[in-house]
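Here are a few exercises to work through with the model open beside you. Try each one before reading its solution.

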Amino acid sequence: MKHKKTMILISELIIIFVLLACYYFIFWDKPRAMDNEAESTKQDNAAGILKNLYTAKQVQIEDEVGPKIKAEIEVSNNIVNIKQDIFLKDAVDAIHLYIPSYNALKITLKNVSAERGLLNIIRGDHNLKVDFEEKQDKIHLEYEIVLDKKRDTLSYSDNFIFLTNFLITPAVYKNGAPLFVYKSSFGDPYLYDINNYDIKLTTDKRLQIYAPGKIDEQIIGREKITVFQAENIRDFPIILFRNAEVHTEKYGDIDIYYIDAYAAKDYVESALQFASSNIGPYPYKELLVVKAPLLQKGMEFSNTIFIGDDCFDNQEVLKRVTYHEVLHQWFYGIIGTDQLNEPFFDEGLVNYLALMLSNSQITGYYNPKLFQLQLKDYSSKDEYYRLVYYDSAVYFYTLHKKMGDDFFKLLQRIYAKGKFSIVYFDEFLNYTKEFLGGN
Ligand SMILES: [Zn+2]
């Protein structure tokens, strides 16, 4: 009897313990979160966890080329604050940097520093030169960008925030000297070597966020913190929005995210298939396809294409623009070109391949003046489009006719040797000579 009583007592104690434990797990967290001080402790803990995660994933990728850009970006309405470190491969006496966002907006540079001291900062609008006191391989930058409401690739609206060509990046050097960039109301006045990005983005928790290499996303209080790690790309584009129809589809090993752009699916896949089999494989895991209100028809970024919203009204235009922008993933993205000094190279080649893929007729002659003109030499947008897009496509068509099937062997060789670097037009001509000899 005594034994039975003891058993009942033990059972009651166990039940009370289990009920207390349930109460603790179910209810304890909520009242604690109401308390501001406790909330901030919780946030600190969560931030600590995220920080550890962020640090833990800083794994060095073996075949990573180029510098690492580590940035903490805070977006609040139309204000973007960036704290950024650039880690170079080698220590240098001085560094040249590009400020690509200056093409669309003004930025406020708040702080430039380096651990071993700075001697001098020379600021042009788009170009920045920093002389170091002694050789070093790291620079710290802090700056603010205020976005405008306009149809542009770096802008905000009630629904979207587009952050593209906005991070300060190391300048491209050709034969030991930096290439300088400048403002242009047309064309693509952007130039990038291959970079690696570690990005931590803090935004309003209601925003959806897409960018290359998302590795974590957490909501802490009213904020959403998203962490990205992307290797061997050029620029780093981020798409933020409140409402959009997103379709995710696999194409081979590639995850394609269609953001309000599912109507372009067949064209995206045709272009990927064409370029993968005729030039070389798409070496990334993701492709973002975004319908965007733009003044131009489309725009290419690393792992991302924008297609102007107007293009979706006409299937022929949608097809041509989608082909064009997807093919830029090969000529701009995987194989870089000098878009300021030789704009005809990637635009003409991509346009020719897009026209070919659409079975469009190509006729006429090209004006050889196009090989001499830099972006800034064009007197009007019309002249730019005529020569850089059409005449240059006629040049590549003529070359294809002359080379026959060797034309694709040429592109495959350039892919094999030039992947993740910049190929200049004189180098392209040397590659053609391997097939054509002196002809
Ligand atoms: Zn283009």
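**Exercise 1.** Find which residue of β18 stands opposite Tyr-257, then work outward to the sheet.

Solution. Start with the pair itself: Tyr-257 faces Leu-288 in β18. The model you're looking at is predicted, with local features needing pLDDT of at least 70 and side-chain atom pairs counting only at pLDDT 80 or more, while totals for chains, interfaces and linings use all residues. Residue numbers run from 1 along each chain as its sequence is written.

Next, zoom out to the strands (DSSP E runs of at least two residues, just as helices are H or I runs of at least four, numbered from the N terminus). β17 (residues 254-259) and β18 (residues 286-292) run parallel, joined by 5 bridges; pairing takes at least two DSSP bridges between two strands.

Now place that pair in its sheet: it's an open one of 5 strands, ordered β16-β17-β18-β20-β19, with mixed pairing. β16 (246-251) and β19 (298-301) each have a single partner strand, so they're the edges, with one side of each lacking a neighbour in the sheet. From one strand to the next, the twist averages 15 degrees.

**Exercise 2.** Describe how α3 and α4 pack, and say which residues make the contact.

Solution. Two numbers first: helix α4 (residues 315-328) packs with α3 at an angle of about 40 degrees, and their axes are 9 Å apart. Axes here are lines fitted to C-alpha atoms, for helices over the stretch in contact, with angles from 0 to 180 degrees between N-to-C directions. That angle makes α3 oblique to α4, since under 35 degrees is roughly parallel, over 145 roughly antiparallel, 65 to 115 roughly perpendicular, and the rest oblique.

Then list the contact (C-beta atoms, placed from the backbone, within 7 Å). α3 brings Tyr-267, Val-268, Ala-271, Leu-272 and Ala-275, while α4 brings Leu-318, Lys-319, Thr-322, Tyr-323, Val-326 and Leu-327.

**Exercise 3.** Are the residues on the two faces of β7 buried or exposed?

Solution. Sort the side chains by face: Phe-160 and Phe-162 lie on one side of β7 (residues 160-163), Ile-161 and Leu-163 on the other, and all are buried. Buried means 20 or more other C-beta atoms within 10 Å of a residue's own, C-beta atoms being placed from the backbone; 12 or fewer is exposed, and in between is partly exposed.

Now check the partners. β6 (residues 155-156) pairs antiparallel with β7 over 2 bridges, with Ser-155 bridged to Phe-162. A hairpin through 3 residues joins β6 to β7. β7 also runs antiparallel to β15 (residues 238-241), with 4 bridges, and there Phe-160 sits opposite Phe-241.

Technical notes:
Contact = placed C-beta atoms within 7 Å.
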